Structures are given as C-alpha cells and as structure tokens.
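Trainee: I would like a close look at one part of this model. Please take me through the open sheet, and then through what lies around it.

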Amino acid sequence: MTFTITVEPSGRTFAATESETLLAAAIRQGIGLPYGCKDGACGSCKCRKLAGTVTHGPHQSKALSAEEEAAGLILTCCAIAHSDVVIESRQVTEAGAFPVKKLPVRVQQLERAAPDVMIVRLQLPANDTFQYHAGQYVEFLLRDGARRAYSMANAPHTSQAGTPFLELHIRHMPGGKFTDHVFGALKEKDILRIEGPFGSFYLREASDKPIILLASGTGFAPIKAIVQHMQHKGIVRPTWLYWGGRRPHDLYQDAWVRETAAALPHLTYVPVVSDALPEDGWSGRTGFVHQAVLADHPDLSGFEVYACGAPIVVESARRDYAAAGLPEDAFYADAFTSEADKASA
C-alpha cells in the first residue's frame, strides 16, 4: 500500500510505501529532508508530525525520547507510514538534491595524516558524473551488506590532473571491521563500491549571516569541503573555524587551515586542544572546542552554526548555543555516529 506524505510549510508531497521509511522514500524521490546517520542515532531528521499515523523502528532515546514521541515528534529515518501523513520540516529544498548513485571507485592515494587518521583519495569513474554538495557524505558498500559512512573532505569542483576524486578522512576504530581493513590491508589501486551523496549538511548560500564552523577530530572533513567551496564561489561572509582535538596531532591538517585562512581575510581559525601533554609544547587555546566559541561569541543570535564531529560535541553545542540565542533553524549538524554509537541505545 502507498501513502501520500505532505511536507509543510513547503506543501511538497511524495509517496511512501508501508515497507520503507519516510526518509528512504523522500531520498528516492529527490525530496530534500534533513538527516544525518539514517540509523536513529543522531536526531538530525527529527520533525513534527501534524497528521497521520506512523510507527518507529529501533532508535536511540537520545535521538527521540518517549516524551518527544508522545508530543508528536518523529524520526523520518525510522518512521514508517500507516496512513497519509503530514509532517512539518524545515530545510526542504525545492531544488538541489543530487541523484543518489552506486559506483565503483579506485583507491588513488593513502596518506597517514596522524597516528589514527588516514586520508584516502578515491578516483571516480571517468565516464560517470558524481555530483554532491560540499559537506555531504558517501557510504561504502561492504561485501557482507554492511555500510560505512564518510564525508567528502573536498569540494565538488576540485580535481587532480583534471580527474575528479573524493577525499575522505578515516579515523581508525580498533576492532572496527572497515577501519581495520583501511589501516591494515587497503592498497592503492584497490576497487571499492560507494553510494551517495547523502546528508543535508551543506552551506546555505542564500543567507548573509556570519558563520561558525565547528569541528572535532575528523569532523573537520566536511568543514574543509565547505571552506574550499566558499573560496571557489567567492563567498566572503565573516567566518570562524573552530577545530578541536585531544592532542595537537589530532588537528592533522592544521597547516592547510592556517595557509587557507591567511589567504582569506574573512576567515578566522581557532584551533583548540583539550588534553595536551607537556611534551606537545601546545601554547594555543585549551578546553572544549564548543565552549571556545561561546567564550568568543557569547551572543549567537545573529549567526549560523555548522557543527560536525563526535555526537557529544554536537549535542553539547546544540544545547548551549540555543541558550546563547542561536535560533534552532540556524544550527546545522552532522554527528559522526560510529557503529559503536549506533549499537549503544
């Protein structure tokens, strides 16, 4: 059976069957609903149900609590329609949703950027066009049917010797099926399969508000792509990039950011380290990176924030920035939920 899903306030509609989630149906039909992990772990797809009946598949209470569900909130990534449904969702884009594709990619380069970070460059097929927004992600399709998601760290316009490529920043999770392979067995010229683009984390170019870019660890990857995109498009809105890590080596492309910021007068870079050791010789900002933003900008009412990294960082920023005046619809996030995060309810 097929039901009609209406999205307010845009009035756009799409069809969903009783065997797919609302989000899967929307992606299939090019409807730009907000989302992140697609697994009920991050809460990025949370919206209000105005009418109709849905049931939820497995999800984490931190993404949608029982109280929120009782109040009419749903997660489109786990909600299945049992009638026509009306939802209220911001960020629905009339245009700009690129087609989701499955395609083979060849490992072009592997670079150990930090003890636990590998920069992987993937060569795209020469005879296929892969379009995405800076900030979106792809999923690796593993042989056993599992998937692993990673954000593109380069803007769509970039190429190497005229050949389009994707740059991904992969942190080693010891015992992780995919990252153990990346750090132990993956070789240049290996062929992998990906699907994408996915995600609603990308720069809203119609706005003229100043921007806070907040990254922790490899959450820097989509932030880097957004910075490259802004530079390419000549976007000169006042921008502050805060990048946090435990130790200085976690800021594995610090030199690139400093060089880029030196060439962009509107971009201010603030690196923050939380657990520096004496031998690190760190003399910069310390503490939690999301709190460094508040120390510099106690009133966030006029800003837009793009936050990416560990779920705890994104959740803390969302909460504390709202208290500092940031409007709910000015906070865009992509929480890096690992398989361990998804498994812990």
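Mentor: Two strands pair if DSSP finds at least two bridges between them. Strands (E, at least two residues) and helices (H or I, at least four) are DSSP runs, numbered from the N terminus. This is a predicted model: local features need pLDDT of at least 70, side-chain atom pairs count only at pLDDT 80 or more, and totals for chains, interfaces and linings use all residues. Residues are numbered from 1 along each chain as its sequence is written, and side-chain values use heavy atoms, with hydrogens and water left out.

Start with the strand order. Six strands make up the open sheet. Read across, they are β18-β17-β16-β15-β19-β20. Their pairing is parallel. At the edges sit β18, residues 285-286, and β20, residues 331-335. Each of these two pairs on one side only.

Now zoom in on one pair. Find β16 at residues 239-245 and β17 at residues 267-273. Seven bridges join them, in the parallel sense. Pick Y242 and look for its partner: the bridge leads to V270 in β17. A helix covers this pair. Helix α5, residues 254-263, lies across β16 and β17. Its direction makes about 155° with that of β17. Another helix, α7 (residues 311-323), packs on the sheet too. There it touches β15 (211-216), β19 (304-309) and β20. Its direction and that of β20 make an angle of about 165°. Such angles run from 0 to 180 degrees between N-to-C directions; axes are lines fitted to C-alpha atoms, for helices over the stretch in contact.

Go to β20 next. It pairs with β19 in the parallel sense, over five bridges. One link to find is A307, whose bridge partner in β20 is A333. Then check how covered the edge strand is. Buried means under 20% relative accessible area, exposed over 50%, and partly exposed in between (1.4 Å probe, protein chains only). In β20, five of the five residues are buried, so this strand is largely enclosed by the rest of the structure. Its side chains point two ways. F331, A333 and A335 go one way, while Y332 and D334 go the other, and all are buried.

Stay with D334 for a moment. It leads to a glycine in a loop. Leaving aside neighbours within four places in sequence, G135 is in contact (heavy atoms within 4.5 Å) with D334. Its other contacts are S151, F201, P222, A225 and I226. Look for G135 in the loop between β9 (117-123) and β10 (137-141). It counts as buried, because its relative accessibility is 1%. A155 lies 20 residues from G135 along the chain, and their C-alpha atoms are 8.0 Å apart.

Next, the helix pairs. Take helix α4, residues 220-233, with α5. The two pack at an angle of about 25°, and their axes are 12 Å apart. So α4 is roughly parallel to α5; angles under 35 degrees count as roughly parallel, over 145 as roughly antiparallel, 65 to 115 as roughly perpendicular and the rest as oblique. The crossing of this pair is left-handed. On the α4 side, F220, K224, V227, Q228 and Q231 make the contact. On the α5 side, W256, V257 and T260 meet them.

The second pair is helix α6 (residues 289-296) with α7. Their axes come within 9 Å and cross at roughly 25°. So α6, too, is roughly parallel to its partner, α7. Here the crossing is right-handed. V289, H290, V293 and L294 of α6 form one side of the contact. The α7 side has V313, S316, A317, D320 and Y321. As for handedness, a crossing is left-handed if the near helix is turned anticlockwise from the far one by less than a right angle, and right-handed if clockwise.

Put it together on screen. Trace the sheet from β18 to β20. Place α5 across β16 and β17, and α4 beside it at about 25°. Then add α7 touching β15, β19 and β20, with α6 crossing it at roughly 25°. Finish at the β20 edge, where D334 is in contact with G135.
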